[in-house]
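The following exercises ask the reader to work through one protein chain with its sequence and coordinates at hand. Each task is followed by a solution in steps.

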Amino acid sequence: MYKKILLILTIFIWICSCVEPYDLNVKSNLRLLTVEATLTDSSEEQVVSITESVSLSRNVASIPILKATVELEVNGTTKIPFTEQGLGKYALPKSFQAKAGNTYKLLFTKADGTKYESGIDKMFSVPEIIKVHDKFVFNGIEKNFGYEHANYIYLDTKDPADEKNSYVWSWKLWERQNICFTCEGGRYFDTPRPAGCKIERGYEGVTYDYYCDGNCWEMFFSKELNVFTDIYTNGNLIANRLIAKIPFYNSSGALIEIKQQSVSPSAYQYLKLLAEQVQNNGSLVDTPPAALIGNIHNINNPKEIVAGFFMVTSERYVKYWIDRKDPIAQKLTPTGLREHSIREEPMGDIPGRPPLTPCILSPTRTPFKPKGWID
């Protein structure tokens, strides 16, 4: 049971990177220290998250670890302190930038004096992405009891010959969104505030979709771990690496951003095991073949299991426009961004109905045009 919960927590740390409560189909009462700690060579602020995941019945919630002393050890000598930001988040100085060739270790002490440290992780350089291309595949994604048409996205990159390299690929997708609110059992009202869907008598079982008042884009993120080692391709071209299968959501085209990361051999082994257990082992509640133990441990109590893995990674990004000319030429119908066809509120005698609705900025939606978008 403990291994099941550790595996599921690890999945959410890496794929979702969230601290929201989420539902598990297990019953237990456990407390597990959870660390999200991936440092990169990007110019963005480097932040780690330290929380305690508490399992109560079927729910898991994350409680932030406050007032911890957190440090980063560089090359076994220099120590750089983190600054607490609240909610269990700790940030390095904004001037900090990880460098290829350096080694790093995470150290932290909780307010009660309990000390933890990670293993040493080395940053490896990552090559540029040479080329991205796509191929339209009829019925390319199996879904439920049917199939979806999809664009398969591939890339080429040149593996360096002078060192052993391991890679992780992920992606972010922007799609034009026309519907900003869907109301079930009622309608959308601007007033009284707060605006939103209002449950109404007589609308039981009724669903209405409301168009956006202005530009809006939906954002999707990769959910599978795509890992690779150059053991058989060292120094050669990594060609036609499949990165994503993007459903034919819209005929207007879409924008995808691909991230290519280098990881250390130990991080690769950890992520490979995670990918095998998550993506090839059936459901999340199946008994995992091996415990997913990260590289963070309690200095004085090595038996304590800590969820998460401290790693440093170099990153390269590239954006690619998916034009969807092939499905348009074949006169295929897009699936849309929702599980049902658009259901508009009928127009009546009341002015302003049905109303247009705002595109509310969120982790999965934005009213701001993404850089690289083609109208």
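The exercises below treat disulfides, a loop residue, a strand, aromatic pairs and nonpolar cores.

The model is predicted: local features need pLDDT of at least 70, side-chain atom pairs count only at pLDDT 80 or more, and totals for chains, interfaces and linings use all residues. Residues are numbered from 1 along each chain as its sequence is written, and side-chain values use heavy atoms, with hydrogens and water left out.

**Exercise 1. Disulfides**

Determine how many disulfides there are, and state for Cys180, Cys183 and Cys216 which partner each one has.

Solution.

Step 1. A disulfide is a pair of cysteine sulfur atoms within 2.5 Å. By this rule the count is 3 disulfides.

Step 2. Cys180 is joined to Cys212, with an S to S distance of 2.0 Å. The angle about this S-S bond is 100°, and the link is right-handed. Cys180 belongs to strand β13, whereas Cys212 sits in the loop between β16 (207–211) and β17 (217–221), 32 residues apart. Helices (H or I, at least four residues) and strands (E, at least two) are DSSP runs, numbered from the N terminus.

Step 3. The sulfur atoms of Cys183 and Cys197 are 2.0 Å apart in a disulfide, and with -80° about the S-S bond this link is left-handed. Because Cys183 is in strand β13 and Cys197 in strand β15 (residues 196–199), the pair ties together parts that are 14 residues apart in sequence. Buried means under 20% relative accessible area, exposed over 50%, and partly exposed in between (1.4 Å probe, protein chains only). Cys183 has a relative accessible area of 1% and is therefore buried; Cys197, at 35%, counts as partly exposed.

Step 4. Cys216 and Cys359 form a disulfide with their sulfur atoms 2.1 Å apart; at 60° about the S-S bond, the link is right-handed. Cys216 lies in the loop between β16 and β17, and Cys359 in the loop between α3 (325–329) and β23 (365–366), 143 residues apart.

Step 5. With the bonded cysteines of the protein numbered in sequence order, the pairing reads 1-4, 2-3, 5-6.

**Exercise 2. A loop residue**

Explain why Gln177 counts as buried, and identify the side chain with which its own side chain makes a polar contact.

Solution.

Step 1. Gln177 is placed in the loop between β12 (166–176) and β13 (179–184). Its relative accessibility is 5%, so Gln177 counts as buried.

Step 2. A polar contact is a pair of N or O atoms within 3.5 Å; within protein, one must be able to donate a hydrogen and the other to accept it, and residues adjacent in sequence count only if both atoms are side-chain atoms. The side chain of Gln177 makes such a contact with the side chain of Glu218, at 3.0 Å. A polar atom of the Gln177 side chain also lies 3.1 Å from the backbone nitrogen of Ile179.

Step 3. Contact means heavy atoms within 4.5 Å. Leaving aside neighbours within four places in sequence, the contacts of Gln177 include the disulfide cysteines Cys212 and Cys216, as well as Arg338 and Arg365.

**Exercise 3. A strand and its aromatic neighbours**

Find which residues of β18 point one way and which the other, and which residues form an aromatic cluster with Phe228.

Solution.

Step 1. In a regular strand the side chains alternate between the two faces of the sheet. In β18 (residues 226–229), Asn226 and Phe228 point one way, Val227 and Thr229 the other way, and all are buried.

Step 2. Two strands pair if DSSP finds at least two bridges between them. β12 and β18 run antiparallel and are joined by 4 bridges; Thr229 is the bridge partner of Ser166.

Step 3. Rings of Phe, Tyr and Trp (its six-membered ring) pair if their centres lie within 6.5 Å; planes under 30 degrees apart count as stacked, over 60 as edge-to-face and the rest as tilted. The ring centres of Tyr167 and Trp169 are 5.6 Å apart and their planes meet at 15°, so this pair is stacked. Both Tyr167 and Trp169 are buried, and with Phe228 they form one aromatic cluster.

**Exercise 4. Nonpolar cores**

Identify which members of the largest nonpolar core touch the most other members.

Solution.

Step 1. A nonpolar core is a set of buried Ala, Val, Leu, Ile, Met, Phe, Trp, Tyr and Cys residues joined through side-chain atoms within 4.5 Å. Of the 26 residues in the largest one, Val70, Leu72, Tyr104, Phe108 and Phe310 touch the most other members.

Step 2. The largest share of this core, 4 residues, is supplied by β1.
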